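Okay everyone, thanks for coming. I'd like to walk you through a structure that may be new to you, so have a look at it first.

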Number of protein chains: 2
Amino acid sequence: MAEPMYRQIADDLRRQIEAGELPPGARLPTEIELMERYNASRNTVRDAIKLLISRALVETRAGQGTFVVETINPFVTTLTSDPETGRGGGEGDVYIAEVTAGGRTTVISDPRVEIQRAGAATADALRIEEGDQVVSRHYQRFIDGTPFSLQTSLYPMSLVSRGATRLLEAQDIVEGTVVYLADTLGIKQVGYRDSIQVRPPDEPEISFFRLPADGQVAVFEIYRVSFDETGKRFRLTITVYPVDRNRLRIDVGAVPPRADDAAPGGPAPAGSAGGSAPGRGS
Amino acid sequence: MAEPMYRQIADDLRRQIEAGELPPGARLPTEIELMERYNASRNTVRDAIKLLISRALVETRAGQGTFVVETINPFVTTLTSDPETGRGGGEGDVYIAEVTAGGRTTVISDPRVEIQRAGAATADALRIEEGDQVVSRHYQRFIDGTPFSLQTSLYPMSLVSRGATRLLEAQDIVEGTVVYLADTLGIKQVGYRDSIQVRPPDEPEISFFRLPADGQVAVFEIYRVSFDETGKRFRLTITVYPVDRNRLRIDVGAVPPRADDAAPGGPAPAGSAGGSAPGRGS
DNA sequence: GCAAATTTGTTCGTATGTATT
DNA sequence: CAATACATACGAACAAATTTG
């Protein structure tokens with residue numbers, strides 16, 4: 001018994017899915033039927049299904065069954081700046097332009113505006129003291145009706161006291177906050193730094209993005225710190241993207257227009273392009 | 001019974017870990033002891049532990065026990081080009097410089113060189129025909145003795161027939177392949193495009209990186225296509241990074257020196273900075 | 001609207017296999 | 001070889017979600 005049975009079952013089901021015998025949206029046999037077909041106990045069948053869930057191949061719905069996931073058309077966010085305008089990728093109108101260029105539609109919620117005290121991560125990123133007040137502007141973003149990302153921008157309260165009072169209004173700043181801060185306070189964004197992590201989703205994210213409750217599908221978390229001409233940090237933007245429906249892109253130097261490239265890999269070609277680790281990996 | 005018991009147990013253990021009662025490296029009580037402590041069955045205790053594994057908080061070692069993960073000092077790869085040299089981040093000597101700048105040491109394997117036929121993803125990325133021959137140069141990279149990344153560069157075979165024969169040698173090209181191709185064939189890299197996905201690791205990756213066998217810890221997969229002056233695609237580099245020990249960084253415009261920023265979040269501050277989705281997420 | 005049937009979710013108990021010390 | 005600890009597998013029962021009649 002080299003391979004455990006639950007993995008053999010999972011492999012067989014995966015093969016059927018990848019061969020198209022079980023197309024996206026199809027319902028798998030019930031656990032009882034799979035028990036009989038593979039001559040295994042229900043727990044073993046369920047272990048196999050859990051493996052497929054963790055690989056994002058199927059999803060279960062209590063009372064209904066287990067279904068092959070509908071392949072989500074991933075959205076590609078270009079993080080480097082728009083070469084035309086120099087404005088940062090993934091934000092405001094640059095984001096909207098990128099969505100509509102792909103023939104898709106986006107809905108962005110009105111901002112939820114809060115005054116908060118800076119936590120350790122925020123204080124460090126903005127070079128302020130922990131506990132200092134910051135303005136938080138939080139957006140939910142949908143593409144073609146599906147939740148795709150959550151974005152929160154944090155500004156030091158000092159910007160408001162210096163006159164950027166519209167940061168406190170719970171409505172969109174149509175010209176974009178970068179332009180607004182430039183017009184109002186003369187703060188020009190000359191650069192930004194993104195830091196990208198991957199982590200399991202927290203409870204609110206699971207609920208908003210409708211992710212599996214056990215945290216199998218991770219999220220990208222991108223911290224973007226914006227710098228003005230004097231090297232001062234005036235904004236921290238945190239964007240959260242579920243990895244199952246988002247890709248990131250970076251353009252450096254002279255590259256062809258964006259439309260030229262689709263994102264590689266639908267259901268993860270898994271090393272097909274290059275082969276992976278040889279056997280001497282231990 | 002709002003919360004299932006296995007999640008309550010997981011939450012309690014997580015609290016102990018985050019409070020430092022169970023410091024990194026500590027062994028958790030055995031499953032039998034946890035059964036008694038929480039008055040639950042062994043299966044339920046194991047379900048709780050599985051949840052902690054998927055959050056990368058603990059790891060199990062058969063025959064030994066369950067341990068709080070040693071917090072890995074994440075390595076930060078800057079994907080945008082080095083402003084000094086213009087060379088791409090994460091490759092060759094730029095990678096080495098970034099590792100040593102952090103006071104760490106890296107070991108890079110000799111390349112494993114193969115002639116392959118292009119799969120669909122490779123052919124699409126390099127704009128060649130599926131089945132065309134490509135040269136694959138594959139490296140394993142370690143930092144401070146721990147496996148951190150796998151990198152495979154693919155070159156159209158036409159480069160070799162045009163004279164870049166050292167691509168076939170199974171030894172490092174010390175000046176870097178970008179410089180070598182410029183010297184030999186006059187192919188200058190003027191830009192590149194990165195596409196970033198996250199997917200579960202495949203078997204060789206699990207073994208090389210020593211990841212949990214059930215694929216709970218995902219990997220970054222970065223496709224980098226390099227362009228020459230004529231807009232031609234002459235190289236595809238695929239780099240795989242486990243997300244539990246790697247961060248990515250992007251610098252755009254005028255930003256402070258790289259050393260200034262640590263990566264945020266050790267064990268995932270989980271929305272602490274901004275709050276996440278409000279309740280209207282459904 | 002309600003009740004029954006179906007299907008997955010959670011929990012228990014037990015036995016045996018495999019890896020490590 | 002023996003003891004310990006996790007890994008896999010079986011069987012059973014009840015709960016919760018959903019659909020159907």
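**How the protein meets the DNA**

Let's begin with a base: a base oxygen of DNA strand D sits 2.5 Å from an N or O atom in the side chain of A:Asn43. Keep in mind that this is a predicted model.

Staying with strand D, chain B reaches the phosphates. A polar side-chain atom of B:Arg46 is 2.9 Å from a phosphate oxygen of DNA strand D, and a polar backbone atom of B:Glu31 is 3.1 Å from a phosphate oxygen of that strand. As for which elements give two or more residues to this surface, chain A brings helix H1 (5-18) and helix H3 (42-54), while chain B brings helix H3 (42-54), strand S1 (58-61) and strand S2 (65-68).

What kinds of residues make up the surface near DNA strand D? They split into seven nonpolar, 13 polar and seven charged. Among the atoms of strand D within 4 Å of the protein, 67% are sugar or phosphate, and the rest belong to bases.

Now over to DNA strand C. Around it there are 26 residues, and those that come nearest are A:Thr60, B:Met5, B:Ser41, B:Asn43 and B:Thr44. Here a polar side-chain atom of A:Arg42 lies 2.8 Å from a base nitrogen. On the phosphate side, B:Ser41 uses a polar backbone atom, 2.8 Å from a phosphate oxygen, and B:Tyr6 uses a polar side-chain atom at 3.1 Å.

Last, zoom out to chain A: the domain assignment gives domain 1 (5-68) and domain 2 (75-273), with C-alpha centres 36 Å apart.

Notes: Residues are numbered from 1 along each chain as its sequence is written. Chains are lettered from A and ligands numbered from 1 in the order in which they are written. This is a predicted model: local features need pLDDT of at least 70, side-chain atom pairs count only at pLDDT 80 or more; totals for chains, interfaces and linings use all residues. Side-chain values use heavy atoms; hydrogens and water are left out. Domain bounds come from an automatic or database domain assignment. A residue is near a molecule or strand if one of its heavy atoms lies within 4 Å of it. A polar contact is a pair of N or O atoms within 3.5 Å; within protein, one must be able to donate a hydrogen and the other to accept it, and residues adjacent in sequence count only if both atoms are side-chain atoms. Helices (H or I, at least four residues) and strands (E, at least two) are DSSP runs, numbered from the N terminus. Ala, Val, Leu, Ile, Met, Phe, Trp, Tyr, Cys and Pro count as nonpolar, Asp, Glu, Lys and Arg as charged, and the others, Gly among them, as polar.
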